[in-house]
Amino acid sequence: MTSLHQQLADYIDQGVIPPYQYSYPPRSTYRPLQEGRWTIHDVWEKDLANHQVPELNLYLHVPFCDRKCGFCNLYTIISTDEDVFDAYTDALCTQIRDHAEIIQARRLRTVYIGGGTPALLRPRHFEQIFTTIGAVYPNWRSTVEEVAVEATPSSIADEPGEFKALIGMGLTRANVGIQSLVPREIREAGRGGEDEDVIRRAVHTAHELGLPDLSTDLIMGFAGQTPETWRHSVDELARLRPTTISTYFLTVRPDAWFSKTGAYQYMWQPELYDRYDYARQVFLEHGYVQEGSVRYKRPGRGGYAQKVLTFHGVPLLGLGVGARSYTSVLDYMSGSVKPSTAEVADYIKRARSHELAPVTGFELTGEESVRKRLVLDTFDLDLSELDRFGYQQHAAEFEPILDAAESNGLLHRIGRRVQLTPKGFKYRDILSWMFYSEPVKALDREYYETLHAANRRARTNMGTTPLRITGIDLREHVA
């Protein structure tokens, strides 16, 4: 039995719950790029050379929300000003046109409008966005398999006419944040005004209007949540029958709203994995299949195509303030990682002036490109796809981790293909963290420790050297 085998087994036994791995390297590792080193044209020209069949995911970020959820650490600001929405949509469409050559050089697979709460925009804003995409890529409705937008329950339940208009424009999926169907947990999440009745009306409205894919979510680990309240939410949501359901472990990071309490950490609660087991059992019994470690879908209908394709290595072009672009050579943003109204205003100004360029990011070596796929894509991955990035040169580092995962029952090895087992789906984020490089781990910790140092209440409550705010941290067991 190897030490890696035992280490992985110990993490599982201790109930370690790292943050959900949806990108690598994470945003926390982005640092200012050397001025003039990268142009957007250079990034995408170099990326194009790494793909035999060039494809593209398009992500458009709308940062506006009417409230701040307590667990959220995404790039969002509070605003419902339609004049700002008008100016921002104009800037976003200008940026789409400025990237026409990049988009046209690849087969466009998905369009996702995220946020924030893009459903705050009016139908005219979406019509403007879709018209602009059509001007750049005329046949996009034939090639794109998913057109998605993020929404709130109230934006659907209270404005069914506007939501119907979006479906008429070609919307195929809406991501609707639910988090819970227990009133006190909804309030704990910071979603006051969106009670369980609004959630039910939103789901029924989406069904009645014929939305192809309604994606919902639940969160395990809210303060005051019990096994009984969790089972209530799971059972109720299964009865509502949305096409896609995601179940997330609560992770409170130092840049989330909840951090103002001065207490944040990722969970070490083995009992939360029991809640995962219950949800999985119920959803499978109701006819769902598991698409990823957090997601269940109706066969042939639900799912999250953009996320799946990004995990498979299809690059993502992110436009809008706070949007990230993922390529095989550089992951980058055209602004900082800290949202502000001033930066939104600056984005609008610079987009109109065609002055946007990569500002912060992380340069990917061949080794880091391999790690990216291993972190994100062990659900079903042919390792031979990674040889062009140098997998064989670093195999002595990666193969023992894969062997430890196999010996712990987390994955199957079929020739050079690896596939997660049901147990592997459950503990996938632990396995993913083991593929992080040491430089990425160090940058992640540095970012969050810097935030911690600036939070006086957190220093009082948690001490000057915080634990469990990054990945898997066992230092308390070393002391």
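This passage walks through two helix pairs, a cavity, some unusual backbone spots and a long-range contact in a predicted model.

Take the pairing of helices α1 and α16 to begin with. Helix α1 covers residues 3-14 and helix α16 covers residues 395-407, and their axes come within 8 Å of each other while crossing at roughly 55°. That angle makes α1 oblique to α16. As for the hand of the crossing, α1 goes past α16 in a right-handed sense. On the α1 side, the residues involved are L4, H5 and L8, and they meet P400, I401, A404, A405 and S407 of α16. Sorted by character, the residues of this α1–α16 contact come out as six nonpolar and two polar, with no charged residue in the set.

A second pair is formed by helix α3 (residues 82-98) and helix α14 (residues 341-352), which pack at about 45° with their axes 9 Å apart. The two helices are therefore oblique to each other. Here the crossing is left-handed. From α3, the contact draws on A87, Y88, A91, L92, T94, Q95 and D98, while α14 brings in V344, Y347, I348, A351 and R352. The residues in this contact split into eight nonpolar, two polar and two charged.

Next come the internal spaces. Rolling a probe the size of a water molecule over the atoms shows where empty space is left. In this structure, three cavities of 30 Å³ or more turn up. The second largest of them holds about 50 Å³ of space. Around the second largest cavity sit I40, Q95, H99, G318, L319, A323, Y332, M333 and S334. Two elements, β12 (316-319) and β14 (330-333), each give two or more residues to that lining. The lining of the second largest cavity breaks down into five nonpolar and four polar residues, and no charged ones. One residue links this part of the model to the helix pair above: Q95 belongs to the α3 side of the contact with α14, and Q95 is also among the residues lining the second largest cavity.

The backbone has a few spots worth a look. Y24 and P25 are joined by a cis peptide bond, with omega at about -5°. P25 itself sits in the loop between α1 and β1 (31-32). Another cis peptide bond runs from G115 to G116, and its omega is near 15°. In this case G116 falls in the loop between β5 (107-115) and α5 (123-136). Then there is Q179, which has a positive phi of about 70° despite not being a glycine. Q179 is placed in strand β7, which covers residues 173-179.

Finally, back to the loop between α1 and β1, where Y20 is found. The loop that holds Y20 is also home to P25. Y20 and R428 lie 408 residues apart along the chain, yet their C-alpha atoms are separated by 8.9 Å. Setting aside neighbours within four places in sequence, Y20 is in contact with R428 and D429, and also with Y248, S293, V294, R295 and F311.

Methods:
Residues numbered from 1 in each chain as written. Predicted model: local features only at pLDDT ≥ 70, side-chain atom pairs only at ≥ 80, totals over all residues. Heavy atoms only, no water. Axes fitted to C-alpha atoms, helices over the stretch in contact; angles between N-to-C directions. Helix = DSSP H or I, 4+ residues; strand = E, 2+ residues; numbered from the N terminus. Parallel < 35°, antiparallel > 145°, perpendicular 65-115°, else oblique. Left-handed = near helix turned anticlockwise from the far one by under 90°. Contact = heavy atoms within 4.5 Å. Nonpolar A, V, L, I, M, F, W, Y, C, P; charged D, E, K, R; others polar. 1 Å grid on protein atoms, 1.4 Å probe; cavity = no way out; pocket = protein on both sides within 12 Å on 5 of 7 lines; lining within 4 Å. Points joined across faces, edges and corners; volume = space filled by probe spheres on them.
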